[in-house]
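Please load the model in a viewer and keep the selection panel open. The stops below proceed from one selection to the next.

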Amino acid sequence: MSRGGRRRAIFSWVRTTIFTIALIGCGALVWLGYEVWHEQSHVLTHAASLPPVKEIALSTDGVLDEAWVKRTFALQAGATLMDLDLQQLHDRMLNGGQVLAASLTRRFPSTLAVQLTERSPVARVMVQPSGEELPRELLVARDGVVYTGIGYDPAMLRSLVWLDGFRLVRAEGRIQPIAGMAQVADLIAKARNEAPHLYATWKVVSLARLQSDGELEVRSAEVEKIIFGANQDFFRQLAQLDMLLEIAQSQPDRPLREVNFAIGRTADGRMQVPVLLDRPEPSTATRATARPPAISPFNNPQKKTTREF
């Protein structure tokens, strides 16, 4: 075969190969298109034949119930699982603030599985919403989120302390989280778990000097003002408070007015605790027969007394 003949034979073989490959590719595309169309038509037919949502399978670590979920979803009558916009329903559940995280899953033919992680309240605040005459009681979680709160035991809510010494900020129609709540939650949790008899007397926790001085002020039924160092060991401070109150109970005529654990430590590691006592009110007979007071840990009630531990 001449050189020109060999060239023509090679070109002919290449054209035949390319044509064959193109033909196979076209056939494959036609087959795939048919399969996709068949599958989609099957899905649409199946979705059209689905029954309405009959059950909401709720799993939560908090107090919200299925009735709340149904009210929040507000599903239309006869809606099937394929009719639901799961992202929209997810956003509705997080809108109130009580739900920290939510997961929604379709379980065919008619069950919607809902899994919730809820926030837990650590304190209360009183808020005066714009346009409303009366203030409302709201709850505050560890991450500072402020929310209404649904389904909680009223007795538990009454046991929560009030927050003071901060300013609520609104942005885009929502109350912004309160800064510093992690430290407040640590103090409250330590008191509730390790010294419940002390926590039961607490009324208000003030954040007024938390950012500036690192102090948390507690007002209780037994002591007008208790100042905790926010950056110090809360357990140690609570133990010292318990001891001071025990000593004060032996001197009922000189109750504690203020205790400050945020002063600091001495060079040898002991903690200085300034204590302010109420001035005693002696009767006329007592003043007539008054004698020099005995030496005690709380001598000189008109001045602050520093206790060291």
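**Salt bridges and a central strand**

Begin by selecting Asp213, which is partly exposed, with a relative accessible area of 47%. The model is a predicted one. Add Arg209 to the selection: the two residues form a salt bridge whose closest N and O atoms lie 3.9 Å apart. Arg209 is likewise partly exposed, at a relative accessible area of 29%. Extend the selection to Asp164, Glu215, Glu217 and Arg219, which belong with Arg209 and Asp213 to a network of salt bridges. The structure holds 9 salt bridges.

Next, select Arg142 and Asp186, a salt bridge with its closest N and O atoms 2.8 Å apart. This pair connects distant parts of the chain, with Arg142 in the loop between β5 and β6 and Asp186 in helix α5, 44 residues apart. Arg142 is partly exposed at 42% relative accessibility, and Asp186 is partly exposed at 34%.

Then select Glu137 and Arg124, whose salt bridge has its closest N and O atoms 3.7 Å apart. Here strand β5 supplies Glu137 and strand β4 supplies Arg124. Arg124 is buried, with a relative accessible area of 9%, whereas Glu137 is partly exposed at 33%.

Finally, select residues 111-118, strand β3, where 6 of the 8 residues are buried. Which strand pairs with β3 in the parallel sense? Strand β1, residues 55-60, does so over 6 bridges; Ala57 has Ala113 as its bridge partner in β3. Strand β2, residues 99-107, pairs with β3 in the antiparallel sense over 8 bridges, and Val99 stands opposite Glu118. A hairpin of 3 residues joins β2 to β3.

Conventions:
Residues are numbered from 1 along each chain as its sequence is written. This is a predicted model: local features need pLDDT of at least 70, side-chain atom pairs count only at pLDDT 80 or more; totals for chains, interfaces and linings use all residues. Side-chain values use heavy atoms; hydrogens and water are left out. Buried means under 20% relative accessible area, exposed over 50%, partly exposed in between (1.4 Å probe, protein chains only). Helices (H or I, at least four residues) and strands (E, at least two) are DSSP runs, numbered from the N terminus. Two strands pair if DSSP finds at least two bridges between them. A salt bridge is a side-chain nitrogen of Lys or Arg within 4 Å of a carboxyl oxygen of Asp or Glu.
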